[in-house]
Amino acid sequence: MYRRVMAFDFDGTLALDGVVPPEVVSALEQCRASGHALFLVTGRRFGTVSLGPVGELFTGVVWENGAVLAHTASGETYLPFGQLSAHLLKALDEAQIPFERGLAIAATWVPQDQAVWRVLGSPSYGGGASVEYNKGAVMIVPPGSTKGTGLQRLLTICGFSARNLAAFGDAENDLSMLTLAEVGVAVGDAVPAVREMADVVAEAAGPAGVLEVLRRYPLAGRFLDIPLRRERPILIGQDDTGRDVSLPASRLAGRNLGVFGDSGTGKSWMVGLLAEGLHHEDYQVLLVDPEGDFRGLRVLPRFVALEGDRASMPTPDAVVSLLDAAGVSVVVDLSRYPLGLRSGYVAELIRLLRPLRERKYRPHWIVLEEAQQFLLPDGDEVTDAVAPQLDAGGWAFVSYRPDRMDRRVLQAMHHCLLTRMTEPEAMRAVLEHCEACRRGGIGVEEIPTGSALLCGGPVVRLRPAIRRVPHVRHLYKYLDMPLPPGKRFWFRDEQAGIGKGAASLFEFLHLIPMLPVESLEYHDRRQDFSRWAEEALGDMGLAARLKKLSNRQLRGEELREALRKTVAAHYEELNALR
């Protein structure tokens, strides 16, 4: 479902002398029939082009360089940036500038642009309009109006995401549209700036170049094969040399990911990291969350966490309606929902998602946590709902026992993200179904705590990056509740233990003012505090703060106060997420 929206400039790209060649019309018809949504984006004045039957192929048309939007299904017209003032139009006329008036803009030609700039540069009109160029054409448009901003508004009206968009253009005024798009396409005779920005440059000029790219990619089912010049990397962490390692967002939205490893090794934490990154880049995310691991994501703008018991849980159709209408990312928290009803709920939710994904190509990424609970090897209602949608990509399955998952799901994986795995049958399942893992000869049982391994390319050992949102499960693991004796922090100084220990972050915070400063200095110098936060608590955010504090090499009461403030601030952030 990824990259299923296409937008085309008209003159010089889709058409020559106002005519779209029949073979291009046929290719557009095939794209529409195969499930693509098509938009026309032109600098032409509203209604001045008779599109004929080809006009029926477009979900919407952006006219007048983004200033006028037409929604085909409803027949409605929008002017999101207003119109040029009558006062400005009169001034252009008085300056004897020949121009054509549109519904919202005025258009002329080079070299009249110099006179236009003189009018706009006068004190009366500063900021009252802007100028866009289309090769020799000059368009005076309302402030904020570009092909990109107009198309963005029309996509929103129609319920589509720019993260699914491929835009085709040839001239200067197409640059904003290509900037908006996930994939930029330039025809062979495009101006240099458009060619430089594009991800794909056709060999042929004009409509022949459009036909060339349509036949090579969408009509051949190969849109995902286009490498992007402007990738949206999701930072995962660092390798052993300290080099940042990222996963391209396109690889998550267009492919299927398996996230596997033993319990408590950080799988959910890493998935939350990816979800935050995708959401930050405007991809829509849905997380099905049986254990309440991801409810903390609700602190992010436009990220909603839905929860409830048997009586109050939002219905699956309500969840899908929210995803459709609001465009937000959603966590469906099933932690209080009865165990025996969860499979039925999830199966219905996934069935209802299919029409949304086929019509609007959203959500871009769907995560099924604790997948072994739902995708049983002999098939069940959840598996039957998921299986027909696997080819569309954009799925992530998280499990500590992939060997207990349906074979069809494992066979549909394109790559894996692995934490330490010691169960032999689970390891065999991954190696059997993931060619990249098998080829890499990885030793997943040796992956250290706090690290992960990414396959599907060069095998790289990773260390998790700092999360924007703390992993919620840790609220209940260590904030106030006592940890097992082996995970507690025991204080000492250079000579010996001092008989004090912290069983939780609460106790750690309240011991800081009472401990000998020599003990605090001893542990800070050795970076014991950050190591405890990472290894015992699994809290990379706190570990990073404490490591940064250690690097300051503070001493005495200055260290005590800085340590107290650092831990107190982190404690309050976690407490606020309860």
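Serine 74 lies in the loop that joins strand E4 (68-71) to strand E5 (76-78) of this predicted model. Its relative accessible area is 39%; because this value falls between the limits of 20% and 50%, serine 74 is classed as partly exposed. The side chain of serine 74 forms a polar contact, at 3.0 Å, with the side chain of histidine 71, a residue within the range of strand E4 (68-71). Over a longer span of the chain, serine 74 may be set against leucine 376: the two are 302 residues apart along the chain, and their C-alpha atoms are separated by 45 Å.

A second loop, between strand E9 (137-141) and helix H4 (147-158), holds threonine 146. Is this threonine 146 buried or exposed? Threonine 146 has a relative accessibility of 17%, and since the limit for a buried residue is under 20%, threonine 146 counts as buried. When residues up to four places away in sequence are left aside, threonine 146 touches Asn65, Gly66, Glu132 and Ser176.

The account now turns to the interior space of the model. The structure holds 1 cavity of 30 Å³ or more, and the volume of the largest cavity is about 30 Å³. Which residues line the largest cavity? Its lining is made up of Met1, Tyr2, Ala253, Arg357, Tyr361, Pro363, His364 and Ala392. Sorted by class, these lining residues comprise 6 nonpolar, 1 polar and 1 charged. Arginine is placed in the charged class and histidine in the polar class, so Arg357 is the charged member of the lining and His364 the polar one.

Note on methods. Residues numbered from 1 in each chain as written. Predicted model: local features only at pLDDT ≥ 70, side-chain atom pairs only at ≥ 80, totals over all residues. Heavy atoms only, no water. Helix = DSSP H or I, 4+ residues; strand = E, 2+ residues; numbered from the N terminus. Buried < 20%, exposed > 50% of the residue type's maximum accessible area, 1.4 Å probe, protein only. Contact = heavy atoms within 4.5 Å. Polar contact = N/O pair within 3.5 Å; in protein donor to acceptor, adjacent residues only side chain to side chain. 1 Å grid on protein atoms, 1.4 Å probe; cavity = no way out; pocket = protein on both sides within 12 Å on 5 of 7 lines; lining within 4 Å. Points joined across faces, edges and corners; volume = space filled by probe spheres on them.
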